[in-house]
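Thank you all for coming. I would like to walk through one model with you, beginning with its cysteines and then moving on to its strands.

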Amino acid sequence: MKTYDVIILGAGAAGLKAAAVLKSRKKSVLIVDMGDAPARKVAISGGGNCNFTNLHADYSHYFGKNPQFVRSALAQWTPVDTLNWVKSHKIEFVEKEPGRYFCKNGANDIIDALLADIGNTEIKYNTNVCDIEKNDNIFTIKTDNGDFHAKSVIVATGGVSYQHLGVSNIGHVIAKKFGHKIEPIRPALCAIKTKAFSTELAGLSLPVEITVNKHKISGDLLFTHFGIGGPVVYRATLFNSKQMNINFAPDTDIFEFLKSKKQTNGKKTVANILNEILPNKLAHFICNDKRNIADLRDNELKDIANKINHFEIMDGETIGFQSAEITFGGVLVDKISSKTMESQICNGLYFAGETMDITGDLGGYNLQWAFSSGHVAGLNA
């Protein structure tokens, strides 16, 4: 019976990073993946350009029951380490925002580098894990492609987002079997469905401020045919976004603005006046009153202003795991060592990446977490 030192479940960023470290330690490794290609989520990340890290990555940019859990791993493999690794592979990159890096020639450069680092490490593709057992300190991974044995296992199966790429919750199933608790999962970093807006606004984009659960998020909003998207909406989903308040003019007190215009431009309609601040379609959607502004009472202007500075959405729903960039929730980290990624319940069982209840903000934070946690798991398994 062949027994590997380590079996890695998942050939994503975290699993491949762990495999590279294990190879440098001269460990025998098998990677098991249910898909037909490695790093499938990496390939589509950042719009295909792979936002591979963010130099601002620290615990304040992560979410879950215990975001502080990321501290040790991010210290052991830092964003600077990731950037230097990219440079060592001569990958061309661009800095689109301060500290936020993308591949200049596409995500395949990152995938090729990850595969180069693991060399001839054995990978079993199109292999579904059915069960896992541990007897006499040896793990047996039961799959639809046979049984495999190892002294240690790294669960790097990711979440259940981007379902068309071939994903499953097997990582959560394995963790639960060995006594770990699972934080309920939901889609995050995705667009929101709502009936609050006309489909005629689809394609329109503007900077806004969204308040959700007392959190304020600023950025660009994009109207879609089913609701709203754009970076600010994606980030709002990190705070569970069924109810939110949108300020379409964050730098302007619209009520005071309209009262002033009532005195100086009384013969204009409100929509025409709002065109100075808002896109034309949005201005007419919010107020299509044909009366001159001079004919509107202040309380009517106040109602219009509230629709701009405090637009309430009560029916927001994420579009689902099929298009979500990340899975919020997962294996609770209270029984996982932040220094080694090893289970504190089952010796030899390790976790890396999105499988855990750690979710990063939009902007390269999730891929950095995959690299950091994979690195640490690879050092210790």
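What follows is a short account of the cysteines, one hairpin and one sheet.

Please keep in mind that this is a predicted model, in which local features need pLDDT of at least 70 and side-chain atom pairs count only at pLDDT 80 or more, while totals for chains, interfaces and linings use all residues. Residues are numbered from 1 along each chain as its sequence is written, and side-chain values use heavy atoms, with hydrogens and water left out.

A search of the whole structure finds 0 disulfides, a disulfide being a pair of cysteine sulfur atoms within 2.5 Å. Cys130 is in none, and the nearest cysteine sulfur, that of Cys346, is 19 Å away, which is too far for a bond. Cys130 is exposed at 54% relative accessibility, whereas Cys346 is buried at 6%; here buried means under 20% relative accessible area, exposed over 50%, and partly exposed in between, with a 1.4 Å probe and protein chains only.

Turning to the hairpin, strands β8 (residues 129-135) and β9 (residues 138-143) run antiparallel and are joined by 6 bridges; strands are DSSP runs of E, at least two residues long, numbered from the N terminus, and two of them pair if DSSP finds at least two bridges between them. Asn135 has Ile138 of β9 as its bridge partner, and Asp136, in the hairpin with 2 residues between the strands, takes a positive phi near 50 degrees.

Finally, 7 strands form an open antiparallel sheet in the order β17-β16-β13-β14-β15-β12-β18, with β17 (311-313) and β18 (317-318) as the edge strands, each pairing on one side only.

Notes. Helix = DSSP H or I, 4+ residues; strand = E, 2+ residues; numbered from the N terminus.
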